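Visitor: I would like a close look at a single part of this structure, followed by an account of how the rest is arranged around it. Please go slowly, as I am in my first year.

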Amino acid sequence: MIPDGQTLSYDAAPAFSTPLRFFITAPLFGAAAGAALLAAPELLDSRWTPGALAVTHLVAVGFMLTVMLGALFQILPVVAGAVIPRSGPVATVVHLAMTIGALCLAWGLGSGSHAFLAPATVLLGGGLALFVVAAFLGLRRIPVAQATPRDLRIALLGFAVAVALGITLALALGGRLDLPLLTVLKLHIGWALLGGSGVLLAAASWVVVPMFQITPNYPAALARFWAMGTGAVLLVWSATVYGELGSAEFALSAVLAALCALFAVNTLKLQRQSRRSVPDMTTRAFEIGMGSFIAGLVCVLVAQQSEQQVWPLLAGILILHGGFVSVIVGMLYKIIPFLAWLHLTQDVGKAPNMKKLQPDSPIRRHLALHAAALAALLVAASVGNAWLIRLAGLLVVAEFAFLFANIIKVLGNYRRAHAG
Amino acid sequence: MSQITSLMTDDHRHCDESFARAETAVAKGKWDDASAALTQFASELEGHFDAEESLLFPKFEAATGMTEGPTKVMRGEHAEMRSALTRMRDALANKDKDDYAGEAETLLILMQQHNMKEENILYPMCDSHLSGTDVANGLSERLHARA
């Protein structure tokens, strides 16, 4: 059935506060991750320290997943015509559950107090389940012909699998389940970063890169088959992980890495062909992101063949901080000022243009700080010096504080325009 | 991709290229080139709006009986884009690079989120309701006559 045309209306779009609440709290989690590095540099000794697990989830759940969910409330109606039923109250509950859940999870993992893991699993599992059900209700009447709406569904399923595996891990850590931890952990990481986040990024990129950066389209076969193909390989890879089929698992990891590199290289290639010659901050952020993904994928493969603790750390830093944080930040700098502009235009009939609401120069400074923090993290993790790790932590705190301040400034400009 | 979706999506991309030419010329301070490029962009955009407002939307409304639905929303967004284009013209007349860059960025995002809705939702609806009619040919003729 064809969706009701009213879904195209701005009236069907969520209130400004619906996505905004996610975008405001997210940078605070990033800053908290930096503060943890500053306070306890020994957490970078290996990927297995409780502190490393806590920092990873502050970034992956508190920042990345939170922004992604906030953005989905906004873009599902625009790119897929899907209206999330009761999006205001649903967003309030999902946001509270994700925020408190992420805090409990990070604290539970970092401090070793497993008592915090139980509420974390209930809140994160419940919050994500509520979102996925609401999103699928919105999407149920939408045809799956186009790449983006179809791939959004795959990403939602990927996140659901990742969170289910995460809950399983938390139960195992709390002694409630007896499971091969390493196996479940590998599956959790694969589904969270690739099945959920990676597919969501690709689904967004199919439309965002060509339309906003004015580039040619992605090759039709890539946009049509990448997410489904990657999902299928991820399933087979999961079977080899579960069956502990070492060499088959490595071969499939290499195939997955090649698929991710294919996406990143195509994105960079398209951006080189952009018709816009004016420097665009989101494009810069994407370039840092795609370069980091490619370097991170190499580290993932080396880590599988090496006993050295540093490779998984470098892979994690490159993929999470260099890859996902960069592209998410790049998109936030477009989404927030545009929503401020849109709501001002609707509410008071006129609005300052986007670059008056969000000037380029603070974004440029923020991206420079972000790149410096990334470089410092990579050097600090490689060298393992406590003071370098503290410096990297300080830069991470500073970059997320800067992001937070930039968001608050847009809101200040929004309020002034609304009042005046 | 079906006929109307494919034709109109291609035309969106065509308009984007003229938009980028004007933006580049302004950034380089080539005001005469910018003025010519913006005039071309405005004429392509207006031609696209006109093909929709005077042919595609009325046919869709007649076929579905939905006059208060998606076409009404799209007409409203066309009006907002026309105002944004006027502000770009003003910035160009004042040779104000910063103001032009801000207004152009605003129009670009406004235009692309509008295009996403049309390409992903409205045009496929048009294709399914208007298959077997000559609407696609009519649109093609109008868009080509404009160029």
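**A close look at helix α8 of chain A**

Guide: The buried residues of α8(A) are Glu249(A), Leu252(A), Ser253(A), Leu256(A), Leu259(A), Cys260(A), Phe263(A), Ala264(A) and Thr267(A). Please keep in mind from the start that this is a predicted model, so every value below is computed from predicted atoms. An α-helix has 3.6 residues a turn, so residues three or four places apart point the same way. With that in mind, you can follow the buried positions of α8(A), including Leu252(A), Leu256(A), Leu259(A) and Phe263(A), along the helix. These buried residues pack against three other helices of chain A, namely α6 (181-212), α7 (220-242) and α9 (281-305). The length of α8(A) can be checked as well: at 1.5 Å a residue, its 27 residues, 246-272, should span 39 Å, and because its end C-alpha atoms are 39 Å apart, the expectation and the model agree.

Just before this helix, in the loop between α7 and α8 of chain A, sits Glu244(A). Glu244(A) has a positive phi of about 50 degrees, although it is not a glycine. Is Glu244(A) buried or exposed? It has 11 C-beta neighbours inside 10 Å and therefore counts as exposed. A second loop residue invites the same kind of reading, for Arg86(A), which is not a glycine either, has a positive phi of about 45 degrees. Arg86(A) is placed in the loop between α2 and α3 of chain A, and because it has 12 C-beta neighbours inside 10 Å, it too counts as exposed.

Another helix of chain A, α4(A), can be read in the way we read α8(A). Its 23 residues, 117-139, should span 33 Å at 1.5 Å a residue, and the distance of 32 Å between its end C-alpha atoms agrees with that. Among the buried residues of α4(A) are Leu117(A), Leu124(A), Leu128(A), Phe131(A), Ala135(A) and Leu139(A), and Gly127(A) and Gly138(A) are buried as well. The partners against which the buried residues of α4(A) pack are α2 (50-80), α3 (87-111) and α5 (147-173) of chain A.

We can now step back to the division of chain A into domain 1, residues 1-143, and domain 2, which is made of residues 302-310 and 319-420. The centres of these two domains, taken over C-alpha atoms, are separated by 17 Å. Where they meet, 25 residues of domain 1 of chain A are in contact with 27 residues of domain 2 of chain A. On the domain 1 side, the elements that give two or more residues are α1 (17-39) and α2 of chain A, and α1(A) gives the most, with 12 residues. Sorted by class, this side of domain 1 has 20 nonpolar residues, 5 polar residues and no charged residues.

Chain A also touches chain B, in a contact that takes 31 residues from chain A and 29 residues from chain B. The elements that give two or more residues to the chain B side are α1 (3-27), α3 (70-93) and α4 (97-129) of chain B, and α4(B) gives the most, with 18 residues. By class, the chain B side has 13 nonpolar, 9 polar and 7 charged residues.

Within chain B, an unreviewed UniProt entry carries the annotation "domain: Hemerythrin-like" for residues 4-126. Over residues 4-126 the chain is 91% helix and 0% strand, and the end C-alpha atoms of this stretch are 7 Å apart. One residue of chain B to look at is Thr9(B), which is placed in helix α1 of chain B. Thr9(B) counts as partly exposed because it has 17 C-beta neighbours inside 10 Å. Although Thr9(B) and Glu119(B) are 110 residues apart in sequence, their C-alpha atoms are 6.3 Å apart in space.

Finally, a word on confidence. The mean pLDDT is 92 for chain A, where 96% of the residues reach 70 or more, and 91 for chain B, where 99% do. In chain B, confidence is highest in helix α2 (residues 31-64), at a mean of 95, and lowest in helix α5 (residues 135-146), at 89. In chain A, pLDDT stays under 50 over residues 1-6, for which the model has 12 contacts beyond four places in sequence. Where pLDDT is low, the predicted coordinates should not be read in detail. The model scores ipTM 0.88 and pTM 0.92.

How values were computed. Residues numbered from 1 in each chain as written. Chains lettered and ligands numbered in written order. Predicted model: local features only at pLDDT ≥ 70, side-chain atom pairs only at ≥ 80, totals over all residues. Helix = DSSP H or I, 4+ residues; strand = E, 2+ residues; numbered from the N terminus. Expected span 1.5 Å × (residues − 1). Buried ≥ 20, exposed ≤ 12 C-beta atoms within 10 Å, placed from the backbone. Contact = placed C-beta atoms within 7 Å. Domains from an automatic or database assignment. Nonpolar A, V, L, I, M, F, W, Y, C, P; charged D, E, K, R; others polar. pLDDT = per-residue confidence, 0-100. UniProt positions renumbered as here; feature names shortened; annotations may be inferred.
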